[in-house]
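Q: I am new to this structure and would like a close look at one part of it. Please describe how the two chains meet, and what lies around that region.

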Amino acid sequence: MTWRFWSNVLAVAYKETRVLRNDPAVMAMMLIQPVIMVLLFGGALSYKPRNVPWAVLDRDGTALSRRFVESVGRTEYFVPPQPVYSYREGERLLARGAVLAFVVVPETFERDAARGHARVQLLLDGSEPLSAARIGGVVSAVASTFRAEPATAPVRAGPIDVRQRFRFNPTLTDRLFYLAALAGILLTNLCMSGTSLGLVGERENGTYEQMLSLPTSSIEIVLGKLLPIVVICYVVLALATILAGVIFGFWPRGSFLLLCVVALPFVLASLAIGVLVSTVAHTSAQAVFITVFCIMPSFILSGIMLPYALMPHPIREIGGILPLRWFQIASRRIVGRGTGVVDVLGPMAILVLIFAVLLVLIRWRMKPRLG
Amino acid sequence: MTWRRLRTLIIREVRATFRDPFTVTILIAVPIVALMLFGFVMTTEVKGLELGVHDAAGTAASRRLVADLAAQGTFVPRPFATRDALERAIGSGRLTAAIVIPPDFDRGLEAFRRGGPPPEIEVVYDAAETVLAGNAEGYLRAIVETTATSLVADPGTTRRPGVEVATRTLFNPKLDGTAYMVSGVYGFVLSFLTVLITAVSIVGERAAGTFEQLQVTPATSLEILLGKLLPLGAVFAFDVLLMALIAGFGIGVWPQGSLLFFLAVSAVYVLISLAIGLLISATSRSAAEAVQRSVLFSIPLVQLSGFVVPVRNMPEWLQWVTTIFPATHYITVSRAIYLRGEGPLTLWPQILFIVAGGVVLITYAARKIEQRA
């Protein structure tokens, strides 16, 4: 009985593999998507402000004020400043979105510095909150360490010396943040759209009924259809890891094998969501619609794109039921921090739990359809 | 082209759309859900973040520092008895930030008052959570600095080193991410949902054979095309209005600039989405294929258009690539109107690009459809 069960599953899987091999869309998903995503997340997307346009109104015009402006500009965030000659002009540039920051050095800057009261004004365009917050911090940091005296005089630091250490990512590059969770994005795309498309398409063409009339049970058909996708998932996982390593020199810090183990309950849970969608949708177009609109928010809500810990509460809880949320945690621990088995047991247990709940839901949804 | 035939086709299309509850649900639910989800997720404010504390000093001054860090709800301190335990919590990703206060903290402060070197505290971040670590850093440093100054406060000296920065933030003083994301969601919905719906609706018609049926009627292909696009365009324009009202009444985000101007620009942008949907439908055989194409095409487009990550932060060659996408310009314009209240005087280059792109794409799509017909 068990032998027949598996032989049926393998037979369906074999048939499915032959079909997939001729499907250009699947091949594109498999081969092109990892490349695009690795390049996109590794090279293109970054929250760290760069090439920031800024304007300077230097009313003092002394050597000291020029040195101050220079030391702000020397940080890696800015393009060369645009000099302006009136306050209004600078405000107009801000209002047009032409500059993000506007530094005003008062006439008394040098004199004030000699008395220990130097101050400048910084106007920020808050319409880009993340960049504005960072730029404000950068300028303040430069200003607080700026000294009017030449560098030979001993610099007296603030009352508490804060020694900062950024573990795992000393330069705070966003690339590492994304690439450590990239597998989650790729596998979600693949599993959810692959399954729901495959199953609904079969029903549309009437081939599903044909298979049901064979001595295969519905569960055998579903498993047989999912098996090749699981294999593809591991191929994509390996491909993405190698690409990130070769192109950006970012190899997993922990064990790749462990990542593969954690990926299994995640892949199964994502596939289960796909199956569930296929039981709801009537046409393949509807199926893809539903999956697409599940996939897009899940990238945001799971903490892949933005820090989960900063999201407001009811939204955070929605993210908590997504498998991607927990795989993302495990993946970042293994790939980004190099932790061992113990630290990923928790997320893994939750993934298994989500999978179990989904299985129950699927059994409940599938029954009336096959009756 | 006669108005009567066109009107018949439009009525037919409207009826067909409203008979399909799935499409109607999608058209209304997706914009609302997108607004609600994306509107609240981006924030620069650090609130309630767990902060590991290993206070080896345990004196009044060190406790004061920890209390100040917890004061505004920015950090929630969690004591760690040993340094090892703290490092382990950071290393396993359970903790994003931690502070270590040395046993000789008070002596260091005393020494500083007498002109010696300042005491050192150590702050450790889990930078694998890059964005979070970056945000937390700014908050933590500012709080430590304030506390430190008051701890060693000496009314005798008013001299302080460095330059004080008086920061004023225009347009969005609280640096709240909601308005930023809300104004971007329009670009997301209009470049994604509309392209999908248009493509599916046309391909579906072709697959069902009703497209051919229309072509044997006296209606010209231009009429058939307009009969499909006008109702769809009207629905999408309605979506924009719906979103603007929900964002205003539900979330409290109204455009700083003119709402009418924003709606006008959006209407032009809707034309572009329709054209892209047409193009995809012209090259796909089945509805499923059309959807897959639009997804494969839309995901990088949405990511690169500056919806979440500013285009400016990208490598330079890529910035050039993104200027080809109308979505990039549309998102720029909607943010400028929503957040800075800009008008047509400063936004005309982007608008010109959107209009030109619309004309080119529509003409090209119409040609393509004609060839197939």
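A: What follows describes the contact between the chains, after a short look at chain A itself.

The model is predicted. Chain A contains 15 helices and five strands. The C-alpha trace of chain A spans about 95 × 45 × 40 Å along its principal axes. The radius of gyration of chain A is 28 Å, whereas a compact globule of 371 residues would have one near 21 Å. Of those 371 residues, 48% count as buried.

Now the contact between the chains. On the side of chain A, 95 residues are in contact with 90 residues of chain B. Helix α6 of chain A, residues 129-145, gives the most to this side, with 13 residues. By type, the side of chain A that touches chain B divides into 53 nonpolar, 24 polar and 18 charged residues.

Strands also join the two chains. Strand β4 of chain A (residues 119-125) pairs with strand β5 of chain B (residues 164-170) in the parallel sense, over seven bridges. One of the residues involved is A:L123, whose bridge partner in β5(B) is B:R168.

The largest nonpolar core has 227 residues, and those touching the most other members are A:W54, A:A101, A:L182, A:L187 and B:V189. Helix α7 of chain B, residues 177-208, gives the most to this core, with 18 residues. Leaving aside residues up to four places away in sequence, A:L182 touches A:M37, A:V38, A:F41, A:A240 and A:A244. In soluble globular proteins, nonpolar side chains tend to be buried together.

Key: Residues numbered from 1 in each chain as written. Chains lettered and ligands numbered in written order. Predicted model: local features only at pLDDT ≥ 70, side-chain atom pairs only at ≥ 80, totals over all residues. Core = buried A, V, L, I, M, F, W, Y, C linked by C-beta atoms within 7 Å. Buried ≥ 20, exposed ≤ 12 C-beta atoms within 10 Å, placed from the backbone. Helix = DSSP H or I, 4+ residues; strand = E, 2+ residues; numbered from the N terminus. Contact = placed C-beta atoms within 7 Å. Rg over C-alpha atoms; globule rule 2.2 N^0.38 Å. Nonpolar A, V, L, I, M, F, W, Y, C, P; charged D, E, K, R; others polar. Pairing = 2+ DSSP bridges.
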